[in-house]
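Here are a few exercises to work through with the model open. Try each task before reading its solution.

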Amino acid sequence: MATYKSLPVPSSDSGLSQYLAEVHKFPMLTHDDEYRYAKQFLEDGDVDSCHHLVTSHLRLSAKIALNYRGYGLPIVDLISEANIGLMQAVKRFDPEKGFRLATYAGWWIRAQVQDFILRTWSLVKLGTTTSQKKLFFNLRKAREAIGVIDSNNLKPHEIKKIAEMMSVTEKEVIDMNGRVGGQDTSLNASIAMDESTTERQDMLVDESADHAQDYEEFEENQYRKKLLYDALDVLKPREKDIFLKRRLHEPTVTLEVLSQTYGVSRERIRQIEVRAFEKISARVRVIQKEQMVDIDA
């Protein structure tokens, strides 16, 4: 378990603006620095390296958290949960996997914040299926799309329309609306923040951000990543290195560089890359079939 050094903490006393100013003081890491710190933390548990990794991504946590302001929860709590997701990502991050920490951490941060929202809203018997999560995060948008004014009194045809839009049952729409409908407040309600007063409508989430889709993509990406890295075991060390650097590394390592590294032609590197991809694809299909057998059993 990592012991994290003191970090900036958002609070009602310091205000959001001050917190954001503080986290932007931490420098962004170069790819090489990120790799070095990640390796030191992964292999030696170096706390200073961990601190560098976390602080350099606090602005990412804040940015993601701010996208969820429209759910009526304190931004302080959202940022705190986002930072928890970031720390979880840092603890699990392996720089050898071939992608940057920001990409990996983004999945963990969004999942942590969305889980927090679901827990905080106390949705009784809320299932864990993708469709139910999608319904929760997009119900307001669906109501607005069909021009619903009174969310506490949905008409039968409105319920049916939303159910069709969200690919859920009418009962699920009724149940979910009963749980979240009462949380609606006036868009002109005042909110105190940063020693000033603003209206709730100024804090609404950016409609361009599809959080249900984010959640689905997170789950799908997690599944695909696990499949991929489980399948990597079929590769020999050289094949694995070439595949990672050609397919998962950012930026992609050129054939010329790898040909010099291994003392072979660029064409040979390309052949190894293609063969590695074929072996991984075959292994993924085998794993998926094994999983289907387990499910059927």
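**Exercise 1. The whole chain**

What share of the contacts in the chain with a separation of 6 or more comes from residues 24 or more positions apart?

Solution. Start with the ground rules: this is a predicted model, where local features need pLDDT of at least 70, side-chain atom pairs count only at pLDDT 80 or more, and totals for chains, interfaces and linings use all residues. Residues are numbered from 1 along each chain as its sequence is written, and side-chain values use heavy atoms, with hydrogens and water left out. Next, take a contact as heavy atoms within 4.5 Å. The share then comes out at 64%.

To round this off, 39% of the 297 residues are buried (under 20% relative accessible area, 1.4 Å probe, protein chains only). The chain exposes about 16600 Å², with carbon and sulfur atoms supplying 51% of that. Its secondary structure is 13 helices and two strands (DSSP runs, H or I of at least four residues for helices, E of at least two for strands, numbered from the N terminus).

**Exercise 2. Helices α11 and α12**

Work out how α11 and α12 pack, and which residues do the job.

Solution. Step one is geometry: α11 (residues 237-248) and α12 (residues 255-262) pack at about 160°, their axes 11 Å apart. Angles run from 0 to 180 degrees between N-to-C directions, and the axes are lines fitted to C-alpha atoms over the stretch in contact. That's why α11 is roughly antiparallel to α12 (over 145 degrees).

Step two is the residues: α11 brings Arg238, Asp241, Ile242, Lys245 and Arg246, while α12 brings Leu255, Leu258 and Tyr262. Sort them and you get four nonpolar, no polar and four charged (Ala, Val, Leu, Ile, Met, Phe, Trp, Tyr, Cys and Pro are nonpolar; Asp, Glu, Lys and Arg charged; the others, Gly among them, polar).

**Exercise 3. Helices α1 and α4**

Do the same for α1 and α4.

Solution. The axes of α1 (residues 16-23) and α4 (residues 58-66) come within 9 Å and cross at roughly 145°. Leu16, Tyr19, Leu20 and Val23 of α1 meet Leu58, Arg59, Ala62 and Leu66 of α4. That contact splits into seven nonpolar, no polar and one charged.

**Exercise 4. Glu273**

Is Glu273 buried or exposed?

Solution. First find Glu273 in helix α13 (residues 266-296). Its relative accessibility is 7%, so Glu273 counts as buried. Leaving out residues up to four places away in sequence, Glu273 touches Ile242, Phe243, Arg246, Arg247 and Leu255.

Definitions and conventions:
Buried < 20%, exposed > 50% of the residue type's maximum accessible area, 1.4 Å probe, protein only. Areas by Shrake-Rupley, 256 points an atom, 1.4 Å probe, with all protein chains shown as cover. Parallel < 35°, antiparallel > 145°, perpendicular 65-115°, else oblique.
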